[in-house]
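User: Could you walk me through this model, one question at a time? I would like the reasoning along with each result.

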Amino acid sequence: MTDNFNIIKFLRSAVATGASDEHLHVGSAPYVRINGFVKKINMPALTKEDLDDAIVEIAPEGKKSDILNKLDVDFMFEIPECSRFRVNYNRQMNMPGLVIRNIPHNIPDMDALPLIPMELNPKYHFPDLDYVSEMKPLANTEVMSAPVKGLMTILIISPEIFVRE
């Protein structure tokens with residue numbers, strides 16, 4: 001077991017560095033996503049015991065007793081005055097893994113986001129909306145685009161913009 005691995009300390013540090021996600025797997029050092037880029041953390045590879053201990057520490061009370069026997073579990077976790085987390089605990093080839101998404105306490109108001117209006121153009125491709133068989137813009141609709149830290153774009157699309165045929 002990695003003597004210095006502590007899931008709470010690790011998550012606090014990840015939040016402080018601006019990470020949005022953490023990926024922990026047996027046999028590898030943890031990875032974090034910061035500004036859209038996945039970076040390997042300079043620390044020893046995690047062991048099965050590290051991850052088993054971590055999941056038992058952060059799992060909800062009602063799931064702690066049998067969580068290590070599950071193949072896939074999703075739950076929320078909070079470190080007060082730090083962040084909330086959406087946690088996915090999974091087992092692949094009988095080895096545990098954790099994928100954690102940080103959910104900040106202070107979610108900005110829509111008016112506080114630097115949104116730039118952009119007219120909807122049918123030639124735009126929205127890869128996250130590939131499940132829609134055919135997209136058609138409705139009259140006088142807009143898509144809002146916002147650069148986030150200069151590296152990502154948030155698209156806020158009204159559900160009324162597209163219709164399914």
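**Strand 2 and its surroundings**

Analyst: Happy to. Along strand 2 the side chains alternate: Val32 and Ile34 point to one face and are buried, while Tyr31 and Arg33 point to the other and are not. Buried means under 20% relative accessible area, exposed over 50% and partly exposed in between, with a 1.4 Å probe and protein chains only. Strands (E, at least two residues) and helices (H or I, at least four) are DSSP runs numbered from the N terminus. This is a predicted model, in which local features need pLDDT of at least 70 and side-chain atom pairs count only at pLDDT 80 or more, while totals for chains, interfaces and linings use all residues. Residues are numbered from 1 along each chain as its sequence is written, and side-chain values use heavy atoms, leaving out hydrogens and water.

User: Which pattern does the chain follow along the sequence?

Analyst: The chain has 2 helices and 9 strands. Read from start to end, the pattern is α-β-β-β-α-β-β-β-β-β-β.

User: In what order do the 6 strands of the open sheet lie?

Analyst: Two strands pair if DSSP finds at least two bridges between them. The edge positions come with the order: pairing is antiparallel, and the 6 strands form an open sheet in the order 3-2-1-6-5-4. Strand 3 (37-40) and strand 4 (72-79) are the edge strands, as each pairs on one side only. Neighbouring strands are turned against each other, direction ignored, by an average of 20°.

User: What is the bridge partner of Val32 in strand 3?

Analyst: Strand 2 and strand 3 run antiparallel and are joined by 4 bridges. They form a hairpin with 2 residues between them, and Asn35 in the turn has a positive phi of about 50°. Within this pairing, the partner of Val32 is Lys39.

User: And on the strand 1 side, what is the bridge partner of Glu22 in strand 2?

Analyst: Strand 1 and strand 2 pair over 4 bridges in the antiparallel sense. Their hairpin has 5 residues between the strands, with Gly27 in the turn at a positive phi of about 85°. The strand 2 partner of Glu22 is Val32.

User: Is His23 buried or exposed?

Analyst: His23 is found in strand 1 (residues 19-25). Its contacts (heavy atoms within 4.5 Å) include Pro30, Tyr31, Arg33, Leu98 and Val99, not counting residues up to four places away in sequence. Because its relative accessibility is 19%, His23 counts as buried.

User: Which residue of strand 6 stands opposite His23?

Analyst: Strand 1 and strand 6 (residues 95-103) run antiparallel, with 5 bridges joining them. Opposite His23 in strand 6 stands Val99.

User: What angle does helix 1 make with strand 1?

Analyst: Axes are lines fitted to C-alpha atoms, for helices over the stretch in contact, and angles run from 0 to 180 degrees between N-to-C directions. Helix 1 (residues 7-16) packs on the sheet, touching strand 1, strand 2 (31-34), strand 4, strand 5 (83-92) and strand 6. Its direction makes an angle with that of strand 1 of about 145°.

User: How is the pair of Phe5 and Phe10 described: stacked, edge-to-face or tilted?

Analyst: Rings of Phe, Tyr and Trp (its six-membered ring) pair if their centres lie within 6.5 Å; planes under 30 degrees apart count as stacked, over 60 as edge-to-face and the rest as tilted. A search of the whole structure finds 2 aromatic pairs. The ring centres of Phe5 and Phe10 are 5.8 Å apart and their planes lie at 45°, so the pair is tilted.
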